[in-house]
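Please open the model in your viewer and keep the sequence panel beside it. The stops below move from the whole chain to a single site and then to the loop beside that site's contacts.

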Amino acid sequence: MNLEHVFDNNEKFIKDKLSVDHNYFKKLGEGQAPELLYIGCSDSRVSAEELMGLEPGEAFVHRNIANMVISIDVNVMSVVNYAVNHLKVNHVVVCGHYACGGVKAAMLSADLGILNPWLRNIRDVYRIHKNELNAINDEEKKYDRLVELNVKEQCVNLIKTAAVQKAYRDRGLKVHGWVFDVHTGKLIDLKIDFEKYLKDIMEIYHLD
Ligand code: CO
């Protein structure tokens with residue numbers, strides 16, 4: 001990869017934006033008010049704004065290996081708190097993707113060093129849904145289903161946070177679980193019943 005191209009591309013990006021609106025960067029410099037927090041995988045094939053057709057300023061983005069929401073990860077928790085409490089986003093999305101290397105790696109019997117404690121959270125998802133997953137014989141289908149269930153469990157982890165509970169109560173914030181199909185480019189809404197999970201979870205994880 002010739003990194004010179006990156007700067008050429010940037011010049012073109014500036015030209016394109018200014019040709020439509022000559023105040024584009026003046027406005028961009030004035031601040032952000034995104035309505036959406038997107039939590040996705042770091043996978044190079046799953047670019048957040050591009051697959052949603054969103055412009056700079058429209059989505060607050062956090063990406064990590066296998067789109068995890070882990071309660072003691074200061075990074076993701078800072079992003080969630082800032083986006084929900086200060087930027088006041090109204091939607092939080094966890095977006096997984098089929099053929100996720102992180103999800104596959106989690107199920108390997110291999111010592112992956114620093115990745116072990118991170119990926120163990122995906123093994124926990126497998127354990128919770130063991131009966132359903134063990135009944136799937138096709139390996140690819142099993143991984144794809146684990147990707148979906150992982151998205152669901154990360155949505156549940158979001159609902160466990162005080163920030164999300166309070167924002168739901170105060171302004172009806174919603175949590176969504178999506179999957180990006182890298183084979184077709186399609187974005188799939190898993191239609192997670194946020195209100196149902198919220199009710200179930202509040203019984204035990206009520207914070208605010
Ligand atoms: Co991935």
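What follows is a walk through a predicted model, one selection at a time.

**Whole chain.** Begin with everything shown as a cartoon, where the protein can be followed through 10 helices and 5 strands. Its radius of gyration is 19 Å, close to the 17 Å that the globule rule gives for 208 residues, so the protein is as compact as a globular protein of that length. Aligned along the principal axes, the C-alpha atoms fill a box of roughly 55 × 45 × 30 Å. Of the contacts between residues at least 6 apart in sequence, 64% join residues at least 24 apart.

**Surface.** Now switch on the surface, which comes to about 12100 Å² accessible area, with 54% of this belonging to carbon and sulfur atoms. Buried residues account for 40% of the 208 residues. If you colour by charge, you will find 26 positive and 30 negative side chains, and the centres of the two sets lie 4 Å apart.

**The cobalt ion.** Select the cobalt ion next, and display its protein donors: C41 through SG, H97 through NE2 and C100 through SG, lying 2.0 to 2.3 Å from the ion. Their spacing along the sequence is C-x55-H-x2-C. Two of these donors link distant parts of the chain, since C41 sits in strand 1 (residues 36-41) and H97 in strand 3 (residues 91-97), 56 residues apart. Both C41 and H97 are buried.

**Around C41.** Centre the view on C41, whose relative accessible area is 5%, so this residue falls under the 20% limit and is buried. A C-alpha to C-alpha distance drawn from C41 to C100 should read 8.2 Å, although the two are 59 residues apart in sequence. Leaving aside residues up to four places away in sequence, C41 touches V46, R63, N64, I65, A66, N67, C95, H97 and C100.

**The loop at A66 and N67.** From those contacts, pick A66, which lies in the loop between strand 2 (59-64) and helix 4 (74-86), and then N67, which is placed in the loop between strand 2 and helix 4 as well. Which sign does phi take at A66? Phi there is positive, near 70°, in a residue other than glycine, and N67 likewise has a positive phi, of about 45°, although it is not a glycine. Most residues other than glycine have a negative phi. Both positions are out of reach of the surface by the accessibility criterion: A66 counts as buried at 1% relative accessibility, and N67 counts as buried at 2%.

How values were computed: Residues are numbered from 1 along each chain as its sequence is written. This is a predicted model: local features need pLDDT of at least 70, side-chain atom pairs count only at pLDDT 80 or more; totals for chains, interfaces and linings use all residues. Side-chain values use heavy atoms; hydrogens and water are left out. Helices (H or I, at least four residues) and strands (E, at least two) are DSSP runs, numbered from the N terminus. The radius of gyration is taken over C-alpha atoms; the globule rule is 2.2 Å times the number of residues to the power 0.38. Buried means under 20% relative accessible area, exposed over 50%, partly exposed in between (1.4 Å probe, protein chains only). Contact means heavy atoms within 4.5 Å. Accessible areas come from the Shrake-Rupley method with a 1.4 Å probe; for residues, only the protein chains shown count as cover. Lys and Arg count as positive and Asp and Glu as negative; His and the chain ends are not counted. The place of a charge is taken as NZ of Lys, CZ of Arg, CG of Asp or CD of Glu. Donors are N, O and S atoms within 2.8 Å of the metal (3.2 Å for Na, K and Ca); water is not among the atoms, so sites may look incomplete.
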